[in-house]
Structure formats: C-alpha cells, structure tokens
Protein chains: 4
Amino acid sequence: MTQNQNQILSSVKNAELVEKRRNQMIKGAITLFKEKGFHRTTTREIAKESGFSIGTLYEYIRTKEDVLFLVCDAIYEQVHERLESAIDLENPSVTNLEKVVESYFYLMDEMQEEVVIMYQEVKSLKKDTKEYVLQKERDMVGMLEKVIVTCLPHEISKQDAELMANNIFIQGQMWGFRRWVLQKQFTLKEYIDRQIHYLMASLAIDRTIVKDKEA
Amino acid sequence: MTQNQNQILSSVKNAELVEKRRNQMIKGAITLFKEKGFHRTTTREIAKESGFSIGTLYEYIRTKEDVLFLVCDAIYEQVHERLESAIDLENPSVTNLEKVVESYFYLMDEMQEEVVIMYQEVKSLKKDTKEYVLQKERDMVGMLEKVIVTCLPHEISKQDAELMANNIFIQGQMWGFRRWVLQKQFTLKEYIDRQIHYLMASLAIDRTIVKDKEA
Amino acid sequence: MTQNQNQILSSVKNAELVEKRRNQMIKGAITLFKEKGFHRTTTREIAKESGFSIGTLYEYIRTKEDVLFLVCDAIYEQVHERLESAIDLENPSVTNLEKVVESYFYLMDEMQEEVVIMYQEVKSLKKDTKEYVLQKERDMVGMLEKVIVTCLPHEISKQDAELMANNIFIQGQMWGFRRWVLQKQFTLKEYIDRQIHYLMASLAIDRTIVKDKEA
Amino acid sequence: MTQNQNQILSSVKNAELVEKRRNQMIKGAITLFKEKGFHRTTTREIAKESGFSIGTLYEYIRTKEDVLFLVCDAIYEQVHERLESAIDLENPSVTNLEKVVESYFYLMDEMQEEVVIMYQEVKSLKKDTKEYVLQKERDMVGMLEKVIVTCLPHEISKQDAELMANNIFIQGQMWGFRRWVLQKQFTLKEYIDRQIHYLMASLAIDRTIVKDKEA
DNA sequence: AATGAATGAGAATTCATTCAT
DNA sequence: CATGAATGAATTCTCATTCAT
C-alpha cells in the first residue's frame, strides 16, 4: 500500500487486510474501467469483479470516487517505480538517456490501457485528490527532466529540458492513446527507434558519433 | 450545419431551425462539459443552458449521446476549417510549414477546453459514431502530414512524416491538456517558438540558414 | 357521422369536414390500435396515419381518449347496422334465427380485430363515455334477444332469452378473441355450423324436423 | 412461487424472500390493476401499494412488464389449482361434469376482477411471455375438455368437445366480464343453473333422467 | 469483518396538449 | 383551417450508499 492510500478512510482496522482487499479492488476496477470507463461501471460490478460483496467494498472505501483514486494512484505508483529503477544517474551518458526513454516507452506499451484510463478519468476526481494525482504526474515528468539535464553532454535551459521531458512523456502515452493509428504503421521497436532518433536529432546529437565516443 | 449532423435524427423538419437550435445546444453543452464533463451533465441542464425546455431538446436529438456527437463533430469541424484555411500548398516552403504549425498551436490555445472535452469523452460514443469522429481526427493528422511532405526541402519517408504529424498534433493538444504544468513555465509564444525550434532541429534544418535562403 | 359523435367537441364548424376528418382519424387509429393497442399508440402517430398534422388532429378532438371513443362508437355502429339489416322480423322462423346468428358470426369474423380492440380498450374510457358505449353493446344483445323470442316456436322466459343472446354474442366475439385456439381447429363454416347446432340442441329443437316443417 | 416465476430475474438471492416480496407485489399490483389497469398504474404506485420502495421493487423484477407477467401467471396458477382440485376423473359421471362446471363458475365469480385484468392486459405482454401465458389458458381449456370427454355417457368428437370446453370457459369469464349486464338479471346460482341446464340440453342429455339413473 | 437487502434521489426519455404563425 | 415547434409533467429505471444481521 502506498502511503497515499491512507488518504482513503477504511472502517477496517487491520492494515494488512486493507491492503489486500484494496489490491483486489484495484485489479477488478481496472479490468472494468478498461472495458467501460469509470462512469459506466457500477460499484456492484466492482465488488463482484473484486470477489466480494458490495457491503464489503464499502468497508474499505467511502465513495465510488475513492476507487478511482486508488486506481489512479496505483497506476502512477507502478509507472514511478519502473521509471525509477530504469534510471541510473551515477553514470550519466547519452546512451543512458536513450535507455531511460526506451524503458519508458516499453512501459507505456505494457500499460497502455491503464494510461488511457487515467487520461480519461482523472478529471472526475474531486479537486483535492485530482491535485494529488496530477502532482505525481509532474513528479514523473520531473524525473525525465532530470535525466535529460544530467545526461546531455551540453547545457540545456531548464525550460527546454522541461519541454523535452513533457514531449517524451506524452509521446509515450500517445503510443497507447492513439494506438489505432500508430500501431497500424509501426511496430513498437520501430516507434521507439524513430522517436528516439528524432529526439536526439532535435537535441543536435549525432547518435553514431556520440555512441562511438562513449564506446 | 455540417453534413454529418444529418446522422442525428430530429423530429423538427425545418432545416434552418434545426441548425439554429443545434448550435445553441452545442454551445450550451460545451459550456457544461467543460465544467463537469459529459457524464456529470444532465440533459435538463443542457436544455436549460441552451435556452429551451427538456422537451424541445429531445425534438432535436434522440439520446444524450447525440449531444456528445454533435459537440465532438462541431469541435473537429472547427479545427478542420481553421487548419484548412491556414494551409497553402501552392507555395511550399519551410516557412510555410512553420506557419501552419504555428497556426495550429494558436488554434489549440483558443480551443483548449474543447479539445480536452474530446479527449476525455469521445470514448463514451458508441462504436459507429466513435469511428466517425476518430476518422475526422485522422483526417487532420493527414493534413499535417501532407504539409510536412510538401514543404520539406528534402525527402522524408511516409512513416516518418506520419510520426512527425502525430507528434505535432499531440504537442498542440498538450498545451491545453497539460496546461497546469506548461502554462506556468511558458507563454504561448515561447511554447510555440521552442516546439517549432525543436521540430526543425529534429528535421535537421538550420532555421536561420533556410530562412536566409528563402529570403 | 353518428349522432353520438356530437358528444365530442370540435373547433371546426363545417360539419361535413368534421365528419370526413374523423373518418380518416378512425381509420388510422384502428390500424394502429390493432397493432399496438390504445396506450402504446401516440397521438402523433394517429395524426400521421390519418394523413394530417398533430395540430389538425386536435382541431377535431379534445383529448386522446376522444379518439378511442370515436373508434369504439364507429365499431359498434358498424356492427349495429349490419345486424339490423340481417334481421327480418316480418317472417319469424327458426331458419330466420339461424340466419341471423350466422350473419352475426360472419360479421364477427370480418371484424375480429376491431372487436378485440373494443374488448381490451373500452375500459380506458372515462365513466360517461364508457357507459355510453356499453349501452350500445346492450342494445345489440337486445336485438339478438328479440330475434330469439320472436323466432322460437315455443315460449322462452325473458331471462333465458337474455342468457342465450349473451351466449351467442360472446361466442361470436370468441371467434376473434380466441382465434389462436379456435381457428386452428375449425374453419369458419365449421365453427358456425357446430355452434348453431348446439344452440338449437340446447333450445331443444330438432333442426331437421323444424326445417322440414318450414319447407 | 410457481416455477415459472424463475423466468423473471431478481437481484435478490434469497429464494424465500423473493417469493414473499413477489407475493406482496402481485397482491398490490392486482389491487391497482383492477382499479386503473396496467397502463395507468405506475411502478411507483405498485411499489407503494406493495409496501416497499421503488428501489426495492426493482430488486425483484427487471421491467414493469415483469409485474404484469407475475400477475397473469399468479392468476392462472390459482385458477389451475382450483380447477384441478375440483376434478375427479376416477368416477366419471354426468353429475361429476356438472360439479366441475359449477365449481369453475363459482371460481370465476370469486376471481372476476382478476380475470378481467387478464383479458384486457395479456396483450401487453411481449411475444415470449404472452405465448407462455396463453399456453396456460389452453391448458385449462384442455382440462375442461378432458372432463367432458370422460364424463359424457356417449361419444363426442374431439372437435365438439373442444368447442364445448371453450364455450364453458368463456361463459365462466363472461359472468365477470359482462357483469353489469348479467348480474342485474341473475343471481350467481341462477346463472350457473341456467347455463348448466342449456349445456346439458345441448349435449342432448335429459338431466332428470340421467340423475335418476345415477341415483 | 462480511453480507446483501433496502432505500430514494436522480437521470433519461416520452408524449399529450397548446398556440403562434 | 392547418401546421408543427414548444412545453413540462409524468414515467420508467438505475445506482451509490446504508445498515441490520
């Protein structure tokens, strides 16, 4: 359980149980949200899909929106973890930057449906929880930004770094988001390769030369 | 009225009136959808905001989803028109490409909320109408792609052109979509300038030299 | 126009026109009521089927129920006329009685759907109009009763005559009403023949003997 | 609960409770349908009359039409049971036939309003359920037919037996259906007596003789 | 802790009727 | 007289949430 889940009140005291039940709930809810979206999914369905009764569902949350929050939080948590483990700022290099971007794109491929959920449903969260979730998004863009700044061989303005990070961020999401268009024309590998190619080009980096040097 | 609106049946025969009322409806609905999204907006609210009764609303549509379709259709129609009028393929040049991209970004700034609606609600359309709307989106990316191919001084593969078009497309939307992040760090002008800068860089074009030549 | 239709107020003064329009209306309404019943038919549909607009419909009636009344009235009027023309009390005879019953059964065959409408919808009329329509029904049973009393060679109590008249009356309707059962087992001719056979038997009349005598 | 009620889905799992609630519902609905018919009765009224909330009503049915089906099914079930218990085919005799017909007429007197409901509303059922209910009606006519065939001292054709059964069937219903006419002229006893008299006469049976013999 | 029956506010949609043109 | 757009009360059905067991 992420620390954040504590924002959601539960009548049940046993923390382990709360975590277990909520994980069931998140899993079930994601399955359903993928299919029909948050609004078209009922709490009864969520309970059933999660393997317990509607009464039990409400022992672990207060409102339906809480489920959405848990789902969004879980998704970002997963992205965050994976991204973090892909980043190694000890040995910064352009190759390293490429590796991170590549990992991120692979991750987005794996999680495309989850990401689509977020895109389409975060807005349904109430102010506070929305703010919370959006902050996590910003954190992740921040991580990409840091990698860019650290790994580039030359200086880049804070603003430009942020722009590039945002671009990478949404290009990753785009793969899932605009899949009907893109996945008809590109394999995942091709997509990643071309996006990284243009990214490096825009950073005025000759990939072959740089790689040679590093080698 | 776009021809597509004929897909939506109306009990009212007078075509002019249908167009007028539907425009009221679209305007009212967009206002509400911006605020609370499609699902949290009731048909009664739409009727009221549009300036007529619930009964009258249903003289011009069959279901609530029809309103969403009308809204999506209207938004894309507007983007399409504006984009079309910005494109001039008679005198292709890199400057021309830049101009188109610039216009597109300005447009996305004006229509940011409308675009957010689309992003978040298209999914709620039923198969047929969704397919219809997504096709319109593809058309627009196609327009950008054509501009890229035509205006670039050198050859570019079909695949790469499509990728760039998609990138531009979502970078425009991103300005509205991720406004909380971006609009804190960039003015619109700055955003457009830097995005175009990187776009040109990634296309391996030295903007100053090209512009000099053209001049 | 039957005199009774004057119970229904019309804004239109021209009596001929009122009659014409109401006949259109009755025809249209019967078509629809057969299909879907009174409650599932809308006034808009009645107007359309009748060949004029909803506004025009309401120039000739006050409420939807008026249409039902007109329909019921028209149906009974038709039955009444036909029954009357089949009855010839100048030369009473058992054969004559048989003829009347036969005519009535043929009529019920022709009008089976109209009769079903009445059976199922009269109840939806308001007190006054319902009373009016039921009186017409009683009149018709009364006609049958009179034929029985007049044509039988022997005395029959008023009560028994009424009972027989009612029996005949509903046996005629039953042909349409329970058509799914009866029309599978009987041709119309067979049905009429057997019903008359039993009718005469119950009146203790040997048909062949009586007929011989008459001849 | 008749087995047939299982055709109607309920969200509630506890079968006993389902039966109890549905019986409340049927009772409440019949009261209302008697008064105003199916179409003029709202689901809210049914819920209230049944003693629970509208939400609870819909836990036990899917649509308003389900209530009608439940009502029709319950009515026929009751008629069926009563008819069955009145029939004793072990000792067939004309007196026995008379007894069955008598019981049936008494039953129709008790259930006149329920029967009127059926007559007027069955048509509102959708194809499948209507077919189902009509089959039950046929079953009951079949029971009467069997009694006729078994109890008569002489042979009677299948067709004629069926005709008589149908006649008896609707003569019973007629007592409730045309009550405004008949109940003014007849007591129940008189009605039954005369109908049975004519029935036996039409079957060419001298009641006094037959009864003497049996005695 | 778990269950699931009960609740009722709220939502979409329909349709008889009116009335200005 | 004819039209048909406008109206809004009424209706069916849903679903988040509660609470007694």
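Which residues are the closest to DNA strand E? In this predicted model, the closest are Val12(A), Tyr60(A), Tyr58(B), Arg21(D) and Tyr60(D), among 41 residues that surround the strand.

## The surface near DNA strand E

Several helices contribute to the protein surface near DNA strand E. At least two residues each come from helix 1 (15–36) and helix 3 (54–60) of chain A, from helix 2 (43–50) and helix 3 (54–60) of chain B, from helix 2 (43–50) and helix 3 (54–60) of chain C, and from helix 1 and helix 3 (54–60) of chain D. Helix 3 of chain D gives the most, with five residues. By class, the surface near DNA strand E consists of 14 nonpolar, 17 polar and ten charged residues.

On the DNA side, 65% of the atoms of strand E within 4 Å of the protein belong to sugar or phosphate, and the rest belong to bases. Polar atoms of Arg21(A), Thr56(A) and Tyr58(B) are paired with phosphate oxygens of this strand, at the distances listed in the table below.

## The surface near DNA strand F

DNA strand F has 41 residues around it, of which Arg21(B), Tyr60(B), Asn14(C), Tyr60(C) and Tyr58(D) come nearest. Of the atoms of strand F that come within 4 Å of the protein, 63% are accounted for by sugar and phosphate.

The helices that each supply at least two residues here are helix 2 (43–50) and helix 3 of chain A, helix 1 (15–36) and helix 3 of chain B, helix 1 (15–36) and helix 3 of chain C, and helix 2 (43–50) and helix 3 of chain D. For strand F, the most is given by helix 3 of chain B, with five residues. The surface near strand F divides into 14 nonpolar, 17 polar and ten charged residues.

The following table gives distances from protein atoms to phosphate oxygens of the two strands.

| Residue | Protein atom | DNA strand | Distance to phosphate oxygen |
|---|---|---|---|
| Arg21(A) | side-chain N or O | E | 2.8 Å |
| Thr56(A) | polar side-chain atom | E | 2.7 Å |
| Tyr58(B) | polar side-chain atom | E | 2.5 Å |
| Ser53(B) | backbone N or O | F | 3.4 Å |
| Thr56(B) | polar side-chain atom | F | 2.8 Å |
| Tyr58(D) | polar side-chain atom | F | 2.7 Å |

## The annotated region of chain A

An unreviewed UniProt entry carries the annotation "domain: HTH tetR-type" for residues 19–79 of chain A. In the model, this span is 80% helix and 0% strand, and its end C-alpha atoms lie 19 Å apart.

## The contact between chains C and D

The contact between these two protein chains involves 40 residues of chain D and 41 residues of chain C. About 3,900 Å² is buried between them, and carbon and sulfur atoms give 53% of that area.

Six salt bridges are counted between chain D and chain C. One of them joins the side chains of Lys123(C) and Glu121(D), with an N to O distance of 3.6 Å. There are also 19 residue pairs in polar contact between the two chains.

On the side of chain D that touches chain C, at least two residues each are supplied by helix 1 (15–36), helix 6 (112–121), helix 7 (127–151), helix 8 (158–177), helix 9 (179–185) and helix 10 (188–202). Helix 8 of chain D provides the largest share, twelve residues. This side of chain D comprises 18 nonpolar, eleven polar and eleven charged residues.

Conventions. Residues are numbered from 1 along each chain as its sequence is written. Chains are lettered from A and ligands numbered from 1 in the order in which they are written. This is a predicted model: local features need pLDDT of at least 70, side-chain atom pairs count only at pLDDT 80 or more; totals for chains, interfaces and linings use all residues. Side-chain values use heavy atoms; hydrogens and water are left out. Contact means heavy atoms within 4.5 Å. Buried area is the accessible area (1.4 Å probe) that two parts lose on being put together, summed over both. A salt bridge is a side-chain nitrogen of Lys or Arg within 4 Å of a carboxyl oxygen of Asp or Glu. A polar contact is a pair of N or O atoms within 3.5 Å; within protein, one must be able to donate a hydrogen and the other to accept it, and residues adjacent in sequence count only if both atoms are side-chain atoms. Helices (H or I, at least four residues) and strands (E, at least two) are DSSP runs, numbered from the N terminus. Ala, Val, Leu, Ile, Met, Phe, Trp, Tyr, Cys and Pro count as nonpolar, Asp, Glu, Lys and Arg as charged, and the others, Gly among them, as polar. UniProt positions are given in the numbering used here, feature names are shortened, and annotations may be inferred rather than shown by experiment. A residue is near a molecule or strand if one of its heavy atoms lies within 4 Å of it.
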